[in-house]
Amino acid sequence: MRAWQLFWNKYKALCRVEWAVLLAYRSESVIWMAGALIQPLVSLAVWLSISSGGSVAGFNAHDYIVYFLGVLLVDRLTSTWDVWDLDANIQDGSLSSKLVRPFHPIHWSIAQNLVYKMFFAVVLIPAWLVLAWIFPALRLEASPSLYVLAVLAILLSSAQRLLIGFEFGLLAFWTNRATAIYGLYEGLHLFLAGRLAPLTMFPEWVEMTARWLPFYGAVGFPVELLTGKLQGGAGAILPNFAVQFAWLLLLYAVYRWEWRQGIKKFGAVGG
């Protein structure tokens, strides 16, 4: 019990530090958040133009609007940036200063993600609610139970994407191209996670591949729960959660192995 209390106290201290950093760089955080709006809004504009007031693959104008607003929200609440931080820390040796602290470096990343995502949620969710109150086209039609499931799916996706980003960052123990390799992954993620278009618009084999790999569960699945447009209906909820959970376990095992192997190769002076 005392160990958990000590652990919790450490996390509170980490979150306070990260909150202070966020406030110190608040302009940068707002600009970064604003920049993230561009891709979903461009995709929305393209699909609204293509549909021209009709429907494409079962999606009408309202469906596109709420879908890409969902993409904007879910992507902001689940995407991570640890690959760039970790790559820089390993390359310049500053990781050594984190290794001597009484907390594993991944906890610093988790605390940073918690603080920034709470900040994004506090800004984006009320903004959506106010706009939906003014503009009926922005209103969601899913049931409250689906909202609860969407929150759970977002939490699992956040953990999954944190581990993926951290694992790509750990590649810097072996190569100075970790961020470039991650860029390739992000290119695939843009298509297969449903960020450019709902997966039902892709060929069936692409859709099935994305569903079994850690792409659809990262963005498409939470968005479809949030908007009440889940392909396959209620019967698809449990299998998709099972895929998310299975990938989370696998990614955690890979992270543990990669960290143990990588740290053996790490050496730095100063930092």
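## A pair within one helix

In this predicted model, Arg211 and Glu207 both sit in helix H10, four residues apart, which is about one turn of the helix. Their side chains form a salt bridge, and the closest N and O atoms are 2.8 Å apart. Are these two residues buried or exposed? Both Arg211 and Glu207 are buried.

Some background helps here. Side chains of opposite charge can pair when their charged atoms come close.

## A linked set of charges

How many salt bridges does a search of the whole structure find? The search finds five. Beyond the pair in H10, have a look at Asp75, Arg161, Glu186 and Arg195, because these residues are linked in a network of salt bridges.

One link in this network joins Asp75 to Arg195, with the closest N and O atoms 4.0 Å apart. This pair connects distant parts of the chain, 120 residues apart: Asp75 belongs to helix H4 (residues 61–78), while Arg195 lies in the loop between helix H9 (178–192) and helix H10 (204–212). Asp75 has a relative accessibility of 9%, so Asp75 counts as buried. Arg195 counts as buried too, because its relative accessibility is 8%. Arg195 also meets the side chain of Glu186 in a salt bridge, at 3.4 Å from N to O.

## Helix H8 and its partners

Now let us turn to how helices pack. Two packed helices are described by the angle between their axes and the distance between the axes.

Take helix H8 (residues 144–170) and helix H12 (residues 237–263): their axes come within 9 Å and cross at roughly 25 degrees. An angle under 35 degrees counts as roughly parallel, so H8 is roughly parallel to H12. The crossing of these two helices is left-handed. What kinds of residues make up the contact of H8 with H12? There are 20 nonpolar residues, three polar ones and two charged ones.

H8 has another partner in H11. The axes of H8 and H11 come within 8 Å and cross at roughly 165 degrees. Angles over 145 degrees count as roughly antiparallel, and H8 and H11 are therefore roughly antiparallel to each other. H8 passes H11 in a left-handed crossing.

## A glycine in helix H11

Where is Gly220? You will find Gly220 in helix H11, which covers residues 220–227. Because its relative accessibility is 1%, Gly220 counts as buried. Gly220 and Val71 are 149 residues apart along the chain, yet their C-alpha atoms are separated by 7.6 Å.

## What the record adds

An unreviewed UniProt entry carries the annotation "transmembrane region" for residues 114–135, 147–174, 181–202 and 236–255. How do some of these spans look in the model? Residues 114–135 are 95% helix and 0% strand, and the end C-alpha atoms of this span lie 31 Å apart. Residues 236–255 are also 95% helix and 0% strand, with 29 Å between the end C-alpha atoms.

How values were computed. Residues are numbered from 1 along each chain as its sequence is written. This is a predicted model: local features need pLDDT of at least 70, side-chain atom pairs count only at pLDDT 80 or more; totals for chains, interfaces and linings use all residues. Side-chain values use heavy atoms; hydrogens and water are left out. Axes are lines fitted to C-alpha atoms, for helices over the stretch in contact, and angles run from 0 to 180 degrees between N-to-C directions. Angles under 35 degrees count as roughly parallel, over 145 as roughly antiparallel, 65 to 115 as roughly perpendicular and the rest as oblique. A crossing is left-handed if the near helix is turned anticlockwise from the far one by less than a right angle, and right-handed if clockwise. Ala, Val, Leu, Ile, Met, Phe, Trp, Tyr, Cys and Pro count as nonpolar, Asp, Glu, Lys and Arg as charged, and the others, Gly among them, as polar. Buried means under 20% relative accessible area, exposed over 50%, partly exposed in between (1.4 Å probe, protein chains only). UniProt positions are given in the numbering used here, feature names are shortened, and annotations may be inferred rather than shown by experiment.
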